[in-house]
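The following exercises concern a pocket and the aromatic contacts of a predicted model. Each task is followed by a worked solution.

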Amino acid sequence: MKSIKDFQDRIIEGDVLEVMKQMPDNSIHLAITSPPYNVGKNYDNHNDKMNYQEYLDWLNKVWKETQRVLVSGGRFCLNIAPTGIKDFVPIHHDFTNQLRKLGMKFRTEIIWYKQTMLKRTAWGSWKSPANPHIVPSWEYVLVFSKDGDRLQGNPQDADITAEEFKKFSDGFWEVQPERQRNGHPAPFPEDLIYRLIKFYSYMGNVVLDMFGGTGTVAVVSHKNDRKFIHIDISKEYCKTAQNRLETIKEQNMQQKLPSK
């Protein structure tokens, strides 16, 4: 088994289970991810239309590894949305049941209001109670913890402000979707990740995204003095994530240079 330092602050291209199985127990303070939704999105290197039970079985193995690598009190923030309208799949409930059976404690659900209801076409039965559809304009961030409620840390390493704490503790988060997709069909907006990192971790903690995509969790972690571990099977997504990080590092270096 490798040391966690072998994984820290790295963009790792590889299969999620193969990489996570090499990570040591009790080494991650916060995991944030959004898995493929299995709705046929055009991912670079993933079949997003698996048999549903096969899909659940695959992710249950990922959740087991997530629980193993989390420290006591470590948190797992899982972004997911109910899929479909006519054939509604309560994927968020299925994931919650899986994680609770693994012994993870369900702490809360955050409503991420995406404000995307710009065009309405899926009504079901127009102006009739016969068969109307609700079109979701939100997603969930399901929050779990391992073993206990408290994450141990130095109070001086808590960098959330009083105003941020009050704002983020309201579980209805209005955050616009990310417009800069960088070749990814469903990237995280930085503000969503910023809130989760500030609310659920200390400076210096290790933050994992096991479906890292184009690197938003890694970038925001780096910006806010956390260690990051980014895993993704796509070479192109990992290349994009690395380029984003290099851009941030270069900007930081420029800011530190004395003015002429």
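**Exercise 1.** Characterise the second largest pocket by its volume and its lining.

*Solution.* The volume of the second largest pocket is about 240 Å³. Its lining consists of 13 residues, and Arg75, Phe199, Tyr200, Ser201 and Tyr202 lie nearest the centre. By class, the lining comprises eight nonpolar, one polar and four charged residues. Helix α5 (residues 190–200) provides the largest share, three residues.

**Exercise 2.** Classify the ring pair Phe76 and Phe144, and state which elements it ties together.

*Solution.* The structure holds 14 aromatic pairs. For Phe76 and Phe144, the ring centres are 6.4 Å apart. Their planes meet at 35 degrees, so the pair is tilted. Phe76 belongs to strand β3 (residues 70–80) and Phe144 to strand β5 (residues 138–145), so the pair ties together parts 68 residues apart in sequence. Phe76 is buried, at 0% relative accessible area, and Phe144 is likewise buried at 0%.

**Exercise 3.** Repeat the analysis for Phe165 and Phe199.

*Solution.* Here the centres of the Phe165 and Phe199 rings are 5.2 Å apart. The planes lie at 25 degrees, and stacking requires under 30 degrees, so the pair is stacked. Phe165 is in helix α4 (residues 162–168) and Phe199 in helix α5, so parts 34 residues apart in sequence are tied together. Phe165 is partly exposed, with a relative accessible area of 44%; Phe199 is also partly exposed, at 22%.

**Exercise 4.** Which rings have a charge over them, Trp112 and Trp173 being the candidates?

*Solution.* The charged end of Lys114 sits over the Trp112 ring, 5.0 Å from its centre. Arg195 lies over the face of Trp173, 5.4 Å from the ring centre.

Notes: Residues are numbered from 1 along each chain as its sequence is written. This is a predicted model: local features need pLDDT of at least 70, side-chain atom pairs count only at pLDDT 80 or more; totals for chains, interfaces and linings use all residues. Side-chain values use heavy atoms; hydrogens and water are left out. On a 1 Å grid over the protein atoms alone, a cavity is a set of points where a 1.4 Å probe fits but cannot get out, and a pocket is an open set with protein on both sides within 12 Å along at least five of seven lines; lining residues have an atom within 4 Å of a point. Grid points are joined across faces, edges and corners, and a volume is the space filled by probe spheres set on the points. Helices (H or I, at least four residues) and strands (E, at least two) are DSSP runs, numbered from the N terminus. Ala, Val, Leu, Ile, Met, Phe, Trp, Tyr, Cys and Pro count as nonpolar, Asp, Glu, Lys and Arg as charged, and the others, Gly among them, as polar. Rings of Phe, Tyr and Trp (its six-membered ring) pair if their centres lie within 6.5 Å; planes under 30 degrees apart count as stacked, over 60 as edge-to-face and the rest as tilted. Buried means under 20% relative accessible area, exposed over 50%, partly exposed in between (1.4 Å probe, protein chains only). A charge sits over a ring if NZ of Lys or CZ of Arg is within 6 Å of the ring centre and within 35 degrees of the ring normal.
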